[in-house]
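Student: I would like a close look at one part of this protein. Please pick a single region, stay with it, and tell me what it touches.

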Amino acid sequence: MGRGPADGAAAGGDVSAGRRAAAEGRADAAPDAPETTAVRQVSRVVLLDPDDRILLLHGFEPDRPTDTWWFTPGGGLEGTESREEAARRELAEETGITDAVLGPVLWKRHCAFPFDGRRWEQDEWYYLGRTDRTATHTGGQTDLERRSVSGLRWWTWEELSASRETVYPTRLVELLRTLLDDGPPDAPVLLETERV
């Protein structure tokens, strides 16, 4: 999930903003937040189609379905897999897209947030991904993802910039515009830590 571990990873204000951040990977701690766990290594994919639309998942706190946010596909590393292997696996599980061409790591960030009854700390790497396929399939999602993801959507930059919905990382509109205008950075950009 984007903000929280439902995506195999987590994301992240107030308690509801904190829970949103959890699904997206943010890190601001709410006073009643559960105890923090070890830092998860997470890979995410900024997946673009031929029209430069970005694919985002719509997540929510399992016990609070009105607390929603949008986030990039991705999740935690499993076993001995590399960051790139985790990005490819998570993308396939969450979206059904297996033919994406992964590019460089665009951004890195640390985030912390409460989600599904626990506190998540994540070290996230965001890979650029390109695909010609826009049809998605969510049959590979985990149980937690099925309980906390309500759908997927391809967004144009214009739609995303006009939206009033919560999106993670919080600077995604600005970061995406820079990516579309200037191409990938020479080295990954270190984003500010987000805590919920």
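Tutor: What follows is a walk through one pair of strands, β5 and β6, and then through the parts linked to them.

The model is a predicted one. Strand β5 covers residues 101-115, and strand β6 covers residues 118-130. The two pair in the antiparallel sense, over 12 bridges. One place to see this is V101 in β5, whose bridge partner in β6 is R130.

At the other end of the pair is the turn. The hairpin of β5 and β6 has 2 residues between the strands, and one of them, D116, takes a positive phi near 50°. The side chain of D116 also meets that of R147 in a salt bridge, with N and O 3.4 Å apart. R147 belongs to helix α3 (residues 143-148), while D116 is in the loop between β5 and β6, so this pair links distant parts of the chain, 31 residues apart. Are these two residues buried or exposed? D116 has a relative accessibility of 26%, and for that reason it counts as partly exposed. R147 is partly exposed as well, with a relative accessible area of 36%.

Now look at the rings on the two strands. W107 in β5 and Y126 in β6 form a pair that ties together parts 19 residues apart in sequence. Their ring centres are 5.6 Å apart and their planes are at 50°, so the pair is tilted. To be called edge-to-face, the planes would have to be over 60 degrees apart. Both W107 and Y126 are buried.

Two charged side chains sit over rings in this region. K108 lies over the face of W125, at 4.0 Å from the ring centre. The charged end of R118 is over the ring of W120, 3.7 Å from its centre.

Strand β5 has further partners besides β6. Strand β9 (residues 189-190) runs parallel to β5, and 2 bridges join them. Here W107 stands opposite V189. Strand β10 (residues 194-195) also runs parallel to β5, again with 2 bridges. In that case C111 stands opposite E194. W107 therefore turns up in two settings: it stands opposite V189 in β9, and its ring pairs with that of Y126.

Strand β6 has a link of its own to another strand. E124 forms a salt bridge with R44, the closest N and O atoms being 3.1 Å apart. R44 lies in strand β1 (residues 36-48) and E124 in β6, so the pair links distant parts of the chain, 80 residues apart. Both R44 and E124 are buried, in contrast to D116, which is partly exposed. The R44 pair and the D116 pair belong to a wider set, as a search of the whole structure finds 17 salt bridges.

The last step is the nonpolar core. In general, nonpolar side chains tend to be buried together in soluble globular proteins. The largest nonpolar core here has 17 residues, and W107 is among those with the most contacts inside it. Others in that group include V46, I54, L56 and L160. Both β5 and β6 supply at least two residues of this core, as do β1, β2 (54-61) and α5 (172-182). Helix α5 gives the most, with 4 residues.

To put the region together: β5 and β6 pair in the antiparallel sense, and D116 sits in the hairpin between them. β5 is joined to β9 and to β10. β6 is linked to β1 through E124 and R44. W107 is the residue to keep in view, since it appears in the tilted ring pair with Y126 and among the residues with the most contacts in the largest nonpolar core.

Conventions. Residues are numbered from 1 along each chain as its sequence is written. This is a predicted model: local features need pLDDT of at least 70, side-chain atom pairs count only at pLDDT 80 or more; totals for chains, interfaces and linings use all residues. Side-chain values use heavy atoms; hydrogens and water are left out. A salt bridge is a side-chain nitrogen of Lys or Arg within 4 Å of a carboxyl oxygen of Asp or Glu. Buried means under 20% relative accessible area, exposed over 50%, partly exposed in between (1.4 Å probe, protein chains only). Rings of Phe, Tyr and Trp (its six-membered ring) pair if their centres lie within 6.5 Å; planes under 30 degrees apart count as stacked, over 60 as edge-to-face and the rest as tilted. A charge sits over a ring if NZ of Lys or CZ of Arg is within 6 Å of the ring centre and within 35 degrees of the ring normal. Two strands pair if DSSP finds at least two bridges between them. A nonpolar core is a set of buried Ala, Val, Leu, Ile, Met, Phe, Trp, Tyr and Cys residues joined through side-chain atoms within 4.5 Å.
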